[in-house]
Amino acid sequence: MLIRRELPADVDAIAAVHRAAFADQIPPGADEPMEAGLVARLRASGAWLPALSVVAEIDGEVRGHVCLTRATVAGRPALALGPIGVPPQHQGHGIGAALMHAVLGAADALDEPLVALLGHLDYYPRFGFVPGSTLAIDPGIPDWVSHFQVRPLSAYTTDLAGEFRYAEPFYEE
């Protein structure tokens, strides 16, 4: 498995990864899962950070993708994780974990203070994520509080607290 930055030639393969990974979550009336369109909207936004869009490649094929985009905590820079996707037939082989370790390590090396996400409470703590409330960081939307988690990085300081704000594409329908 090769973990590397996204290349321009990967765009279609990344969309296919998210279509497959989230195929069981297509909203009523939609043609594809929200995540495939979200990546495209993020890529077109000012929040896109090319160095933090990472793929897992196996035998020359993209088998997983994760990206971090610019977000804020009380107006100060932070990062949002997501989406992360691995097609069902490739899950359970360490691809998602490898992507998580790589992207968190890259963010830490870039002196980013914090990564936040909405995700499964049983999965993300193994990567150092804790409930946002433990660091006085709130997602700003009450329905998100229960699954909102943050991962402080080396540059994190305790004065980074308040409302977390994703890039605008996360709030678009």
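A charge sits over a ring if NZ of Lys or CZ of Arg is within 6 Å of the ring centre and within 35 degrees of the ring normal. Arginine 165 does just that here: its charged end sits over the ring of tyrosine 171, 3.8 Å from the centre. Keep in mind that this is a predicted model. Below is a quick tour, starting with the rings and moving on to the cores, the strands and a few backbone oddities.

**Around tyrosine 171**

- Tyrosine 171 also has a ring partner, tryptophan 144, and the two are stacked, with 5.8 Å from centre to centre and 25 degrees between the planes.
- That pair links distant parts of the chain, 27 residues apart: tryptophan 144 is in the loop between β7 (137–138) and β8, while tyrosine 171 is in the segment after β9.
- Tyrosine 171 counts as partly exposed because its relative accessible area is 23%, and buried would need under 20%.
- Zoom out a little and ring pairs link Trp144, Phe148, Phe164, Tyr166, Phe170 and Tyr171 into a cluster.
- Across the whole structure, a search turns up 9 aromatic pairs.
- Glutamate 168 also belongs to the segment after β9 (162–165), and it is partly exposed, with a relative accessible area of 46%.
- From glutamate 168 to leucine 110 it's 58 residues along the sequence and 23 Å through space, C-alpha to C-alpha.

**The nonpolar cores**

- The largest nonpolar core has 26 residues, and the ones that touch the most other members are Leu114, Ile137 and Phe164.
- Plenty of elements chip in two or more residues to this core, among them α1 (11–21), α2 (34–43), β2 (48–58) and β8 (148–152).
- The top contributor to this core is β3, with 4 residues.
- Looking past its neighbours within four places in sequence, leucine 114 is in contact with a whole crowd, including Val73, Leu79, Ile137, Val150, Arg151 and Tyr156.
- There's a second, separate core too: it has 21 residues, and Leu81, Met100, Leu117 and Leu153 are among them.

**Strand β4 and its partners**

- β4 is largely enclosed by the rest of the structure, because 8 of its 10 residues are buried.
- On one pairing, β4 runs antiparallel to β3, and 8 bridges join the two.
- Histidine 65 stands opposite glycine 85 in β4.
- β3 and β4 make a hairpin with 2 residues between them, and alanine 74 in the turn has a positive phi of about 50 degrees.
- β4 also pairs with β5; these two run parallel and are joined by 2 bridges.
- Leucine 79 stands opposite valine 115 in β5.
- Put β4, helix α3 (residues 95–109) and β5 together and you get a right-handed β-α-β unit.

**Backbone oddities**

- Strand β4 holds proline 83, and the peptide bond leading into proline 83 from glycine 82 is cis, with omega near 0 degrees.
- Aspartate 59 has phi near 55 degrees, a positive value in a residue other than glycine.
- You'll find aspartate 59 in the loop between β2 and β3, where it is exposed, with a relative accessible area of 72%.
- Aspartate 111 has a positive phi as well, near 60 degrees, again in a residue other than glycine.
- This aspartate 111 is in the loop between α3 and β5, and its relative accessible area of 58% makes it exposed.

Key. Residues are numbered from 1 along each chain as its sequence is written. This is a predicted model: local features need pLDDT of at least 70, side-chain atom pairs count only at pLDDT 80 or more; totals for chains, interfaces and linings use all residues. Side-chain values use heavy atoms; hydrogens and water are left out. Buried means under 20% relative accessible area, exposed over 50%, partly exposed in between (1.4 Å probe, protein chains only). A nonpolar core is a set of buried Ala, Val, Leu, Ile, Met, Phe, Trp, Tyr and Cys residues joined through side-chain atoms within 4.5 Å. Contact means heavy atoms within 4.5 Å. Two strands pair if DSSP finds at least two bridges between them. A crossover is right-handed if, with the strands pointing away from the viewer, the path from the first strand over the helix to the second runs clockwise. Rings of Phe, Tyr and Trp (its six-membered ring) pair if their centres lie within 6.5 Å; planes under 30 degrees apart count as stacked, over 60 as edge-to-face and the rest as tilted.
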